[in-house]
Amino acid sequence: MGELRDQFWELPLPDLNRAEWEALCDGCGRCCLHKIEDADTGEIEDTNVACKLLDTGTAQCSDYRNRKAFVPDCLRLTLAIVEDVPWLPKTCAYRLRAEGRPLFDWHYLISGDREAVKHTGVSVAGRVINENDAGPLEHHIVDWDGQDTGALR
Ligand code: SF4
């Protein structure tokens, strides 16, 4: 896995070791929500429907280690994927660093506060519904980017 180096979050993404890569996530939970892609336009809409493994109260995966066994299509973010997927939130630490931008000051690596992501309104904790209870995704479209603008510089 490797050690966490001082200020590793300022290094280019390709230089991070595995432990640093994992530690970069702010834990917002946005990538664990279902999205709807328009088959014609390719446009993607966000929903407030969470993967069945997401703890909707904390926005943490309830079985991160074994998640692939239960959710085979769970996307493990890699450098190539971060550069390729259009739907990572503007606040996502991987997206920011892939674009050469610094982390926001509420990110726990900067603020030292794991809860700050919730206070800023970026975390989906307490604001999402489990996919097993949700019904049709079309009834759950949410503009998350519009809601977290206060957290953006
Ligand atoms: S969107 Fe980015 S920062 Fe948020 S949980 Fe997913 S990988 Fe982590």
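In which sense do strand E1 and strand E2 pair, and over how many bridges? Strand E1, residues 33-37, and strand E2, residues 44-50, are antiparallel partners joined over 4 bridges. This report describes that sheet and its surroundings in a predicted model.

**The sheet**

Strands of a sheet pair through backbone hydrogen bonds, in either a parallel or an antiparallel arrangement. Here, 3 strands make an open sheet with mixed pairing, in the order E1-E2-E5. E1 and E5 are its edge strands, each of them paired on one side only. The hairpin of E1 and E2 has 6 residues between the strands, and Gly42 in this hairpin adopts a positive phi near 80°. Within the antiparallel pair, Lys35 has Asp46 of E2 as its bridge partner. Strand E5, residues 129-130, runs parallel to E2 and is connected to E2 by 2 bridges. Ile129 of E5 is the bridge partner of Val49.

The two strand pairings are set out below.

| Strands | Sense | Bridges |
|---|---|---|
| E1 (residues 33-37) and E2 (residues 44-50) | antiparallel | 4 bridges |
| E2 and E5 (residues 129-130) | parallel | 2 bridges |

**The nonpolar cores**

Val49 also belongs to the largest nonpolar core, which comprises 12 residues. Other members of this core include Cys28, Cys32, Leu33, Ala50, Cys51 and Leu54. Val117, Val122, Val124 and Val128 are likewise among the members. A second core, of 7 residues, lies apart from this one and includes Trp9, Cys92, Ala93 and Tyr94. Within the largest core are both Leu54 and Ala59. Leaving aside residues up to four places away in sequence, Leu54 touches Gly29, Cys32, Ala59 and Cys61.

**The surroundings of the ligand**

Which residues come nearest to the ligand? They are Cys25, Cys28, Arg30, Cys31 and Cys92, out of 13 residues around the ligand. Sorted by class, this shell consists of 9 nonpolar, 2 polar and 2 charged residues.

**Gly135**

Gly135 lies in the loop between helix H7 (131-134) and helix H8 (144-147). Is Gly135 buried or exposed? Gly135 counts as exposed because 11 other C-beta atoms lie within 10 Å, and the limit for an exposed residue is 12 or fewer. Gly135 and Val49 are 86 residues apart in sequence, while their C-alpha atoms are 9.2 Å apart in space.

Conventions: Residues are numbered from 1 along each chain as its sequence is written. This is a predicted model: local features need pLDDT of at least 70, side-chain atom pairs count only at pLDDT 80 or more; totals for chains, interfaces and linings use all residues. A residue is buried if 20 or more other C-beta atoms lie within 10 Å of its own, exposed if 12 or fewer, and partly exposed in between; C-beta atoms are placed from the backbone. Two strands pair if DSSP finds at least two bridges between them. A residue is near a molecule or strand if its C-beta atom, placed from the backbone, lies within 6 Å of it. Ala, Val, Leu, Ile, Met, Phe, Trp, Tyr, Cys and Pro count as nonpolar, Asp, Glu, Lys and Arg as charged, and the others, Gly among them, as polar. A nonpolar core is a set of buried Ala, Val, Leu, Ile, Met, Phe, Trp, Tyr and Cys residues joined through C-beta atoms within 7 Å. Two residues are in contact if their C-beta atoms, placed from the backbone, lie within 7 Å.
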